[in-house]
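Student: I have a chain on the screen and some questions about it. Can we go through them one at a time?

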Amino acid sequence: VASPTNSLKIVKSGQGYNSEGTPAIRILDTVTGNTALQMGVEDTQNIGFIQAMQPLTSFSTRALVLQGNGGKVGIGLTSPSARFDVKSSAANNLGGFMLTASGSSNYPVLIYENSSNGGEIDLQDGSNSRTVLISSTGSSFFTGGNVGIGTTNPIAKLDVASGAVVL
């Protein structure tokens, strides 16, 4: 249509983004039917989603490639400066990158902006206790065991192999 007068609107009820009942736009590989790209919403979890999947049988996921021929991907900004660029939403540990543990809701790795607009890397143990903090603007620490420099098996709190320690 050269001059459409209405927006595209798809209305369908259903639950679960891994089922045929999902309200979604689906682009299907018609040659084999083994791969589809699906974009939609899931009301019970209040999410929007984009996923590559195998439809009609197992709904197993397929690889989803963004900018496969190069380019940049941005989250929270319109002009990304790097191949993957995330704009911090807040100067705290919830405003950056969070890795969620596979077996729980813990966050073993956090990378974020601190209150001084500097960067921090926060590593936590299985009970969400901070054991490593690397800060660009303040104190950094390791509390989870021994630290080795030049060795993969440190036997003391600080173990420096093959060299002199100058204090």
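Student: Which strand is I25 found in?
Tutor: This is a predicted model, so the answers describe a prediction. Strand β1 covers residues 24-28. I25 is found in strand β1.

Student: Is I25 buried or exposed, or in between?
Tutor: Buried means under 20% relative accessible area, and exposed means over 50%. I25 has a relative accessibility of 36%, so I25 counts as partly exposed.

Student: Which residues make the nonpolar surface patch, and what is its area?
Tutor: I25 is one of the residues in the patch. The others are I27, L37, M39, I50, L64 and L66. Strands β1 and β2 each supply at least two of the patch residues. The patch area is about 640 Å².

Student: Along β2, which side chains point to one face and are buried?
Tutor: Strand β2 spans 36-42. Its side chains alternate between two faces. L37, M39 and V41 point to one face and are not buried. The buried ones, on the other face, are A36, Q38, G40 and E42.

Student: In β2, which residue is the bridge partner of A24?
Tutor: Strands β1 and β2 pair in the antiparallel sense, over five bridges. One pairing within β2 concerns A24, and its partner there is G40.

Student: How many bridges join β2 to β3?
Tutor: Strand β3 covers residues 47-53 and runs antiparallel to β2. Q38 stands opposite Q51 in β3. The number of bridges joining β2 to β3 is seven.

Student: Which residue in the turn between β2 and β3 has a positive phi?
Tutor: β2 and β3 form a hairpin, with four residues between the strands. The positive phi in that turn is about 55 degrees, and the residue is N46.

Student: How many helices and strands are in the chain?
Tutor: Read along the sequence, the pattern is β-β-β-β-β-β-β-β-β-β-β-β. The count is zero helices and 12 strands.

Student: What share of the chain's residues is buried?
Tutor: The chain has 167 residues. It exposes about 11,900 Å², with carbon and sulfur atoms supplying 55% of that. Buried residues make up 19%.

Student: What part of the contacts with a separation of 6 or more comes from residues 24 or more positions apart?
Tutor: Contact here means heavy atoms within 4.5 Å. Among contacts in the chain with a separation of 6 or more, residues 24 or more positions apart account for 10%.

Student: Which strands stand at the edges of the five-strand open sheet?
Tutor: The order is β6-β7-β8-β9-β10, with antiparallel pairing. An edge strand here has a single partner, so one side of it is left without a neighbour in the sheet. The edge strands are β6 (97-99) and β10 (141-142).

Student: In β9, which residue is the bridge partner of L123?
Tutor: Five bridges join β8, residues 119-124, to β9, residues 130-135. These two strands run antiparallel. In β9, D122 has L133 as its bridge partner. For L123, the partner is V132.

Student: Which residue takes a positive phi in the hairpin of β8 and β9?
Tutor: That hairpin has five residues between the strands. The phi is near 65 degrees, and the residue is N128.

Student: Which residue in β10 does V132 stand opposite?
Tutor: β9 and β10 form a hairpin with five residues between them. Two bridges join these antiparallel strands. V132 stands opposite F142.

Student: Which side chains meet in a salt bridge?
Tutor: Side chains of opposite charge can pair when their charged atoms come close. A search of the whole structure finds one salt bridge. Its N to O distance is 3.0 Å, and the side chains are those of R130 and D122.

Student: Is D122 buried or exposed?
Tutor: Its partner R130 is partly exposed, with a relative accessible area of 35%. D122 has 1% relative accessibility, and the cut-off for buried is under 20%. D122 therefore counts as buried.

Student: Which side chain does S135 join in a polar contact of 3.3 Å?
Tutor: S135 lies in strand β9. At 13% relative accessibility, S135 counts as buried. Leaving aside neighbours within four places in sequence, S135 is in contact with N114, G119, E120 and S140. The polar contact of 3.3 Å joins the side chain of S135 to that of E120.

Terms used: Residues numbered from 1 in each chain as written. Predicted model: local features only at pLDDT ≥ 70, side-chain atom pairs only at ≥ 80, totals over all residues. Heavy atoms only, no water. Patch = residues over 30% accessible without salt bridge, like charges linked within 9 Å, V, L, I, M, F, W, Y side chains within 5 Å. Areas by Shrake-Rupley, 256 points an atom, 1.4 Å probe, with all protein chains shown as cover. Salt bridge = Lys/Arg side-chain N within 4 Å of Asp/Glu carboxyl O. Buried < 20%, exposed > 50% of the residue type's maximum accessible area, 1.4 Å probe, protein only. Pairing = 2+ DSSP bridges. Polar contact = N/O pair within 3.5 Å; in protein donor to acceptor, adjacent residues only side chain to side chain.
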